[in-house]
Amino acid sequence: MLPPEIELDAELRKVVTIRACCTLRLFVPIKGRPAPEVKWAREHGESLDRASIESTSSYTLLIVENVNRFDSGKYILTIENSSGSKSAFVNVRVLDTPGAPQDLKIKEVTKSSVTLTWEPPLIDGGSKIKNYIVEKRESTRKAYSTVNANCHKTSWKVDSLQEGCNYYFRVLAENEYGIGLPVETSESIKVSERPLPPGKITLLDVTSNSVSLSWEKPEHDGGSRILGYIVEMQSKGSEKWSTCATVKVTEATITGLIQGEEYTFRVSAQNEKGISDPRQLGIPVVAKDLVIPPAFKLLFTTFSVLAGEDLKVDVPFVGRPKPAVFWHKDDIALKQTTRVNAESSENNTVLTIKEACNKRLISELRYRVTGLIENHDYEYRVSAENAAGLSEPSPPSIYYKACDPIYKPGPPNNPKVVDVTRSSVFLSWGKPIYDGGSEIQGYIVEKCDVSDGEWAICTPPTGIKNTHMEVEKLVEKHEYKFRICAVNKAGVGEHADVPGSVVVEEKMEAPDLDLDMELRKIVNVRAGGSLRLFVPIRGRPTPEVKWGKMDGDIREAAIIDTTSSFTSLVLDNVNRFDTGKYTLTLENSSGTKSAFVSVRVLDTPSAPVNLKIREITKDSVSLSWEPPLLDGGAKIKNYIIEKREATRKAYAAVVTNCHKTSWKVDQLQEGCYYFFRISAENEYGIGLPAETSDPIKVAEVPQPPGKITVDDVTRNSVSLSWEKPEHDGGSKIIQYIVEMQARGTEKWSECARVKTLEAVITNLTQGEEYLFRVMAVNEKGKSDPRALAVPIVAKDLVIEPDVKPVFHSYSIQVGQDLKVEVPIAGRPKPTVTWVKDGQPLRQTTRVNVNDLTDLTILNIKETSKEDSGTYEITVANVVGQKSASVEIITLDKPDPPVGPVKFDEISAESITLSWNPPVYTGGCQITNYVVHKRDTTTTVWETVSATVARTTLKVTKLKTGSEYQFRIFNAAGAISKPSDSTGPITARDEVELPRISMDPKYKDTIVVNAGETFRLEGDVRGKPLPTIKWYKGDKDQVSPYFKACDPMFKPGPPTNAHVVDTTKSSVTLGWSKPIYDGGCEIQGYLVEICKADEDEWSL
């Protein structure tokens, strides 16, 4: 059993810092027996759904990909088994933009401002909050606009708001990693305040226990609807005001007063923002009944009613206390019944008579019946009445129609011609003054063509009801007279003549319009509202109407309606671009008439115009612009400048309160691309932005080019080269401009534009002196020039020829193409001669030479081994000549060794062979030779040695008396063909007579100083080896000791030389023994070194 343990790495004991969008990995080794159960948790219980957790018996790993600010905090690890439990925690800080600010509140609202407060974000993104960004949005819009992009407090007063409008507000925090999440007002905020006090208060009525008041509405409702009014009263001698009524109308009756008590009253208005200051009644009121003398006013003195119908007479009256009401009929108190009664209220009395009739006593034998209905038929009967009662009625009369006597009507009144066209005349008239006692049923119109004098009716026989008419189908240019008659039941009345005669022809009238006084002023309309322009017009013929707009077109959404008498233009949902002069033009054959209406849409401004980049440095951009063409109907208050890196999508505010039309945006990143935009702000808000169309690279003109060098001069040209500028200004160098100035002139003229660091200026005048200068150009402009230090005279240079091969040797595989470029120099241009192995080079289609100004080029196609050798290049001009050579080595199999093979020594058991190296080694050093032998009794060749380093070999272990043949191969990277066979030779001892040879100098007397060593040498030959004796004079001289051994030679080269190791100051080498030791033990090795750019080797 082992209690659980957590081995928290030292890095995890600190705060683990990680950038947003990266992957968080917490690897923690653990121990415990049995294997502990692992639990990961967050300090405040946050979810770990996004985390991937892997646990084994030895470790646990928590991974969270694409972390954000909400992944910051304490991660608690708990492991537990039957032996106990263990916990540890890791603090994680995610470097991100901040979370949303907290507890956003509305502190104060006025009719033009809103004051906000908030708390810092709970999560600062791992970096200190630099500032806050405050934004606003009208509830009718979707986009937020910046109020302040650099707020360093946790409160802000947003002013210059539109009274009565609803706004949303949001606040964002910013740290070094960017702008964080916003906190937003959940509901729109109405920009309004408490209303003004109510208007004048009027005392309507007073009783012993009540008062009736009325008042006027407040002059201003504070931008919000009045919800109600609060009436308060104060008793005399008391300072306390108490609410006595709350009403929604502008009047109230206050009851429950004490009779004789004196009261003061005041009224306050209330809207959703609060209660206004109170308006007080000017004088105190005493609660007592008023005494007013009674009075009434009859609206009518005579009332008519049909028999059998009800009659109601309403008479208003006043009086305090309430007066008593009495009705009399014919000076007798009115007897009230269920049919006739009178009722009175506080201020009126009403007499009601049901089923009124005209039964009445008459003393004469005649009676005038009134109240009849015209055109109704009536019958009549009469009853007699005495003291005994009422007789039976008489028989009824026949039916009589109630009507007045009628006559024909008089002539119509004021007949006149209203209008004339080429085929019709418009007439009008009034009703007759006398209608003949009968209603006018219609009118008859007649016409008379003056040319024939005959009258003809123009209307139907029964006439027309209207008092106007268009008489049509008249003959153009004819003269007509007209007359009109009225018609009633009695018949056709007297006619009335239209004054004068009328010639039927088109009436011409120049167009005209009646522009209302309101349209002569500037028409103001709020953005989002409707523009309605109504203009009466006239003209004959009906004029053609054209609406237009100066400096632009009317939107297609405009609705234009036109008749012969008016034209109207309606444009709904107007915006700032609808501001301007609207022109109205009327035109007909009689002329034209124009007028304009100035319209101002009260909106945010349009975009500033003519946005320009004035200056760019390596860390700043200077902008300039002009005010918007449309100011939205209000003065521009300020401008808002914003910037955006080309790699980002969001703009950041640079300044939000700019009062100029220019600004220098500094602290920019050199070499980065930026967009910029400018917005104007007026009292209605922030307008449309003007934006740079292309990204602006923050760079400046480059520094001047470096040192200028004269590469060449001729009689008509100069070749120049120069170094790059030390700094390109933050932008790539596009090109270089070369300018020259002839001696005696101050004018610099452009002579070349190049993209490289060199240029050739041609067309110079021989012998003329010139100055030159070079400018570097990037996308921001030209650098200052760099001038050549001394003037140049245009003349041919005389330069001694020179040839400088780049390499002294060239190796090429046989069959491949070879191109050798050899730089040459000289003025005038030297002639070039190629020589191979002492013979002039023969040029063919395969081997040829191409000479350029500063190069001579040897081209060899499909090289062969015959192309190897030494090539000499000679350049010559009038000054002199110079030569250089290059060696061309062709790489191929070597030729066979050069024969014949010699037998230097032959014995019974060995034969010493020797041969000559091949003429062609294949372009490489011969590394070794391969020697084969064959017993002539067989056909099989055997390898004697494959590692022969020299051109001699002693073949041993031969059979005495046997006959052998030998052949030799070269090895130089490849094995050559074999040499010719030696022919048979027998292995046996040779006999050679002894012989001795000495240097001829020993025949002379040799003088040796005392103490010096005297040395005498001789070459002794013979087989077998002869015995040697030395004599001095005639005396036998004992010879020195001689060792019997094979002859010795220098060893071959070491093999497999290679580099074992290198450091910054040493090299470790390794190699193997030579294949051939020269017949003697290797005593040591010598190591030589040679620098790569030198030819001299040293120990």
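A strand here is a DSSP run of E of at least two residues, and a helix is a run of H or I of at least four. I kept that in my notebook while going through this predicted model.

**Entry: the Ig-like spans**

I began with the record. The unreviewed UniProt entry carries the annotation "domain: Ig-like" for residues 4-93, 511-598 and 801-885. For residues 4-93, I found 4% helix and 59% strand. The end C-alpha atoms of residues 4-93 are 28 Å apart. Next I turned to residues 801-885, with 0% helix and 59% strand. The end C-alpha atoms of residues 801-885 lie 15 Å apart.

**Entry: strand S61**

Then I picked out one strand, S61, made of residues 718-722. Is S61 enclosed or open? I looked at burial, which here means under 20% relative accessible area. Five of the five residues of S61 are buried, so S61 is largely enclosed by the rest of the structure. I checked the two faces as well: Val718, Leu720 and Trp722 are buried on one side, and Ser719 and Ser721 are buried on the other.

**Entry: the partners of S61**

Which strands pair with S61? I noted S60, residues 708-713, which pairs with S61 in the antiparallel sense over five bridges. Within that pairing, Val713 has Val718 of S61 as its bridge partner. S60 and S61 form a hairpin, with four residues between them.

I also noted S64, residues 758-761, which runs antiparallel to S61 and is joined to it by four bridges. Here I could follow Ser721 to its bridge partner in S64, Glu758. Ser721 is also one of the buried residues I had listed earlier.

Technical notes: Residues numbered from 1 in each chain as written. Predicted model: local features only at pLDDT ≥ 70, side-chain atom pairs only at ≥ 80, totals over all residues. Heavy atoms only, no water. Buried < 20%, exposed > 50% of the residue type's maximum accessible area, 1.4 Å probe, protein only. Pairing = 2+ DSSP bridges. UniProt positions renumbered as here; feature names shortened; annotations may be inferred.
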